[in-house]
Amino acid sequence: MLVKEIIEKKRDGQELSAAEIQFLIQGVTTASIPDYQVSAWLMAVLCRGMSDQETAVLTEAMLNSGNRLARCSNRPRVDKHSTGGLGDKTSLILAPLLACFDLDVPMLSGRGLGITGGTLDKLEAYPGFRCDLTSQQINEQLNRIGCVITGTTSDVAPADRRLYALRDVTGTVPSIPLITGSIMSKKLAGSLDALVLDVKWGSGAFMTTLEDARRLEASLVHTGRRMGVKTSSLVTDMNQPLGQMVGNACEVNEAYDVLCGAGPTDVVELTVLLAAELLVATGTSPSLDAAQSVLTKALKDGRALARFQQLIEAQGGVFSDHLPLAQKHVITSLDKGWLCAVNGRVLGNAVIAMGGGRQQQGDPIDPSVGLQMLVRIGDSIERGQEIGHLFCDAPAAETQPLISQFRSALSLAPHPYPAPSLIVATG
């Protein structure tokens, strides 16, 4: 086959055959196709799209470019994927929670991308925590405690690493077929029986419109089911942070509170709903209502917390009930009204500016910095009311621009404003 002809075919809006897609992904994996041709093909896909059949073949080819995790027990094997959002710490709670119900949870996670924090960065707030487990170590830990949260091993979906690096520098990241192939090839490498997807939309998410989020959800679910994995989904609102805390140690501490049977109601609600989908999919629970009941009990009676501590210590982390945070600075409102909008990108960039995220690859992260939102969309706010906290060790004078940035992210209406629903749709 000629790569040039495959590029031209997609450029002209034609559907590629399975053999053409497999040929191209093999060339990506072996580096036999040069970057300029791969980049041209990526741009053609972004502009012309892919059919469901093409997307499924692409995902399978990317999956088959590497190895899958071997099964290590007869227990059902499950995972969850979130498309990323501000303050999303559900993975920290969900993995140990599900392990309490005789499920294996091999969670292959990533680092922060833009304003969305990374699960691995959050867990590394525990001194000594390891995110580089081998396939053998993953399975040994699953056998012992039923859950693991680590980075993707080097032999999982190697085609994705090259494709993603090129997408990042060629303006082709927003393609739904390419996003689907990237996400699902890595998740399906876990040899899963069931997968639940949390597709977020809003100012604090990668997908800023509900229409795009629904399109991505449909593509992910269709691909997972086509690959033989029981796949369900939630579309959730990310027009404000999930919970109160944004930042690495901040979010770990909030996850700890939920594992103690407390914590913000929206974090609890979403985590329990996602976990319930997997209990039902594996036949562990007969219904979503029954699943939510037993999951809530496991959060309140300490079982999930004990399993979380086992996970942290099994991966070399020094466990503690609450991690230390930087100096707290109180933020008050200069106006009155009803909170009607939150600019998640502005808040996320404030955390990055404090050192809580990366401005470029390889930047170190300060786990102690972050922010706390004390108000939610729909709340009535008075002038002088405490609306948030900034955690930063800089002198007060240097934090003033960050405090102004926080305030600028919140829009007030002169009349009552409805609170948004967290769960937009299920699939």
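Reader: What makes helix 5 and helix 12 oblique to each other in this predicted model?

Author: Their axes cross at roughly 40 degrees and come within 10 Å. Angles under 35 degrees count as roughly parallel, and the roughly perpendicular range is 65 to 115. The value falls in neither range, so helix 5 and helix 12 are oblique. The crossing is right-handed.

Reader: Which residues meet there?

Author: Helix 5 brings Thr90, Ile93, Leu94, Leu97 and Leu98. Helix 12 answers with Val267, Leu270, Thr271, Leu274, Ala275, Leu278 and Leu279. The contact divides into ten nonpolar, two polar and no charged residues.

Reader: Why is helix 12 also called oblique to helix 13?

Author: Helix 12 spans residues 265–281 and helix 13 spans residues 288–300. They pack at about 125 degrees, with axes 8 Å apart. Roughly perpendicular stops at 115, and roughly antiparallel needs over 145, so this pair is oblique. Helix 12 and helix 13 cross in a right-handed sense.

Reader: What residues make up that contact?

Author: From helix 12 come Val268, Val272, Leu273, Ala275, Ala276, Glu277, Leu279 and Val280. From helix 13 come Leu288, Ala291, Gln292, Val294, Leu295, Thr296 and Leu299. Twelve of these residues are nonpolar, two are polar and one is charged.

Reader: Which residues touch the most other members of the largest nonpolar core?

Author: Leu98 and Leu295 do, in a core of 82 residues. Helix 12 gives this core its largest share, eight residues. Leu98 touches Val78, Leu103, Val105, Ala275, Leu278 and Leu279, leaving aside residues up to four places away in sequence.

Reader: Why are helix 3 and helix 8 called roughly perpendicular?

Author: Helix 3 covers residues 35–48. Helix 3 and helix 8 pack at about 70 degrees, with axes 10 Å apart. The roughly perpendicular range is 65 to 115, so the label applies.

Reader: What does each helix bring to that contact?

Author: Asp35, Val38, Ser39, Trp41, Leu42 and Met43 lie on the helix 3 side. Arg162, Leu163, Leu166, Arg167 and Thr170 lie on the helix 8 side. The split is six nonpolar, two polar and three charged.

Reader: How do you know whether Leu163 is buried or exposed?

Author: Leu163 has a relative accessible area of 3%. Buried means under 20%, so Leu163 is buried. Leu163 belongs to helix 8, residues 158–170.

Reader: What does Leu163 touch?

Author: Ile25, Val28, Val38, Trp41, Leu42 and Met62, not counting residues up to four places away in sequence. Leu163 and Leu42 are 121 residues apart in sequence. Their C-alpha atoms are 8.4 Å apart.

Reader: Why does Asp102 count as exposed?

Author: Its relative accessibility is 52%. Exposed means over 50%, so Asp102 qualifies. Asp102 sits in the loop between helix 5 (90–99) and strand 2 (105–109).

Reader: What is the phi of Asp102?

Author: Near 60 degrees, a positive value in a residue other than glycine. Most residues other than glycine have a negative phi.

Reader: Where is Ser191, and what is its phi?

Author: Ser191 lies in the loop between helix 9 (176–188) and strand 4 (194–201). Its phi is positive, about 55 degrees, although Ser191 is not a glycine.

Reader: Is Ser191 buried or exposed?

Author: Its relative accessible area is 17%. The limit for buried is under 20%, so Ser191 is buried.

Notes:
Residues are numbered from 1 along each chain as its sequence is written. This is a predicted model: local features need pLDDT of at least 70, side-chain atom pairs count only at pLDDT 80 or more; totals for chains, interfaces and linings use all residues. Side-chain values use heavy atoms; hydrogens and water are left out. Axes are lines fitted to C-alpha atoms, for helices over the stretch in contact, and angles run from 0 to 180 degrees between N-to-C directions. Helices (H or I, at least four residues) and strands (E, at least two) are DSSP runs, numbered from the N terminus. A crossing is left-handed if the near helix is turned anticlockwise from the far one by less than a right angle, and right-handed if clockwise. Contact means heavy atoms within 4.5 Å. Ala, Val, Leu, Ile, Met, Phe, Trp, Tyr, Cys and Pro count as nonpolar, Asp, Glu, Lys and Arg as charged, and the others, Gly among them, as polar. A nonpolar core is a set of buried Ala, Val, Leu, Ile, Met, Phe, Trp, Tyr and Cys residues joined through side-chain atoms within 4.5 Å. Buried means under 20% relative accessible area, exposed over 50%, partly exposed in between (1.4 Å probe, protein chains only).
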